[in-house]
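Colleague: I am new to reading protein models, and I would love a close look at one single part. Could you take me to a spot where aromatic rings meet and walk me outward from there?

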Amino acid sequence: MALKIPRRLFDYTERKIHYMDGRKCIRSVRMPSFIPIIPGWPRVVDDKWQALPIKELLKQRESQVLEFKSSLAWGVNENKPNKHIRKAPPRAIASLMNADGGVLLIGVEDDKQIYGLENDYGLLNGGEAEFKAELLKLCGDSLDTFDPRLLKIKFVKVEGKSVCIVAVR
């Protein structure tokens, strides 16, 4: 049985009329669409969001609601730390926030090769907790109005390598 995966994680199905500055405006309300859950596969976020399994996310291509980043601070091409790369994940998170949510995969290159987070862990002298703290710190420093409650951060192993999954509301 083939899985039917929606192109977007959220469908804009409900519209509400409200008034702003004396003008009539129509506002879209984000309604979660049905996303299949396959037993035994790691899930991206908690059951409240009913998110896609990581293997299904890797089959998708980058879009308005899905973004891949190879690392938080390690230059993959240079094979050394790169301070300019640290700006990319907060920018991706900001763009997903502006697009009403989505998923950012850190540790996955644009061609869907699994790079992993091991070099980032070495730079931070720690593991998942330090990585998460550094990501939240970078977002707080880079974004004017940042609320960490809008992010769900999970870590999964894919092909023996760590991948960080950031679900943005």
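Modeller: Happy to! Let us start at phenylalanine 131, which is buried, with a relative accessible area of 0%. Keep in mind as you look that this is a predicted model.

The ring of phenylalanine 131 has a partner in phenylalanine 155: the two centres are 5.7 Å apart and the planes meet at 80 degrees, so this pair is edge-to-face. If you are wondering where the angle comes in, planes over 60 degrees apart count as edge-to-face. Now trace the two residues back to their places in the chain. Phenylalanine 131 belongs to helix H4, while phenylalanine 155 sits in strand S7 (residues 151–158), so the pair ties together parts that are 24 residues apart in sequence.

How many aromatic pairs does the structure hold? There are two. In the other one, tyrosine 121 and phenylalanine 131 are arranged edge-to-face, 6.1 Å from centre to centre and with 85 degrees between the planes. Tyrosine 121 comes from helix H3 (residues 118–124) and phenylalanine 131 from helix H4, so this pair ties together parts 10 residues apart in sequence. Is tyrosine 121 buried or exposed? With a relative accessible area of 13%, tyrosine 121 is buried, because anything under 20% counts as buried. Put the pieces together and you have one aromatic cluster, made of Tyr121, Phe131 and Phe155.

Let us stay with helix H4 and turn to charged side chains. The structure holds five salt bridges, and one of them joins glutamate 134 to arginine 86, with N and O 2.0 Å apart. This pair links distant parts of the chain, 48 residues apart: glutamate 134 is in helix H4 (residues 128–142), and arginine 86 is in the loop between strand S5 (80–81) and helix H2 (88–98). Glutamate 134 is buried at 14% relative accessible area, whereas arginine 86, at 25%, counts as partly exposed.

Further along helix H4, lysine 137 makes a salt bridge with aspartate 141, and their closest N and O atoms are 3.2 Å apart. Why are these two about one helical turn apart? Because they are four residues apart in helix H4. Lysine 137 is partly exposed, at 46% relative accessible area, and aspartate 141 counts as exposed, at 58%.

For a similar theme elsewhere, look at helix H1 (residues 54–59), where lysine 59 and glutamate 56 lie three residues apart, about one turn of the helix. Their side chains meet in a salt bridge of 3.3 Å, N to O. Here lysine 59 counts as exposed at 56% relative accessibility, but glutamate 56 counts as buried at 7%.

One last stop takes us to another strand. Valine 166 is part of strand S8 (residues 161–168), and it is buried, with 0% relative accessible area. What is valine 166 in contact with, leaving aside its neighbours within four places in sequence? Its contacts are Ile93, Gly102, Val103, Leu104, Ile106, Leu135, Leu151, Lys152 and Ile153. Take isoleucine 106 from that list: 60 residues separate it from valine 166 along the chain, yet their C-alpha atoms are 7.9 Å apart.

If you go back to the starting point now, try finding the cluster of Tyr121, Phe131 and Phe155 on your own.

Methods:
Residues are numbered from 1 along each chain as its sequence is written. This is a predicted model: local features need pLDDT of at least 70, side-chain atom pairs count only at pLDDT 80 or more; totals for chains, interfaces and linings use all residues. Side-chain values use heavy atoms; hydrogens and water are left out. Buried means under 20% relative accessible area, exposed over 50%, partly exposed in between (1.4 Å probe, protein chains only). Contact means heavy atoms within 4.5 Å. A salt bridge is a side-chain nitrogen of Lys or Arg within 4 Å of a carboxyl oxygen of Asp or Glu. Rings of Phe, Tyr and Trp (its six-membered ring) pair if their centres lie within 6.5 Å; planes under 30 degrees apart count as stacked, over 60 as edge-to-face and the rest as tilted.
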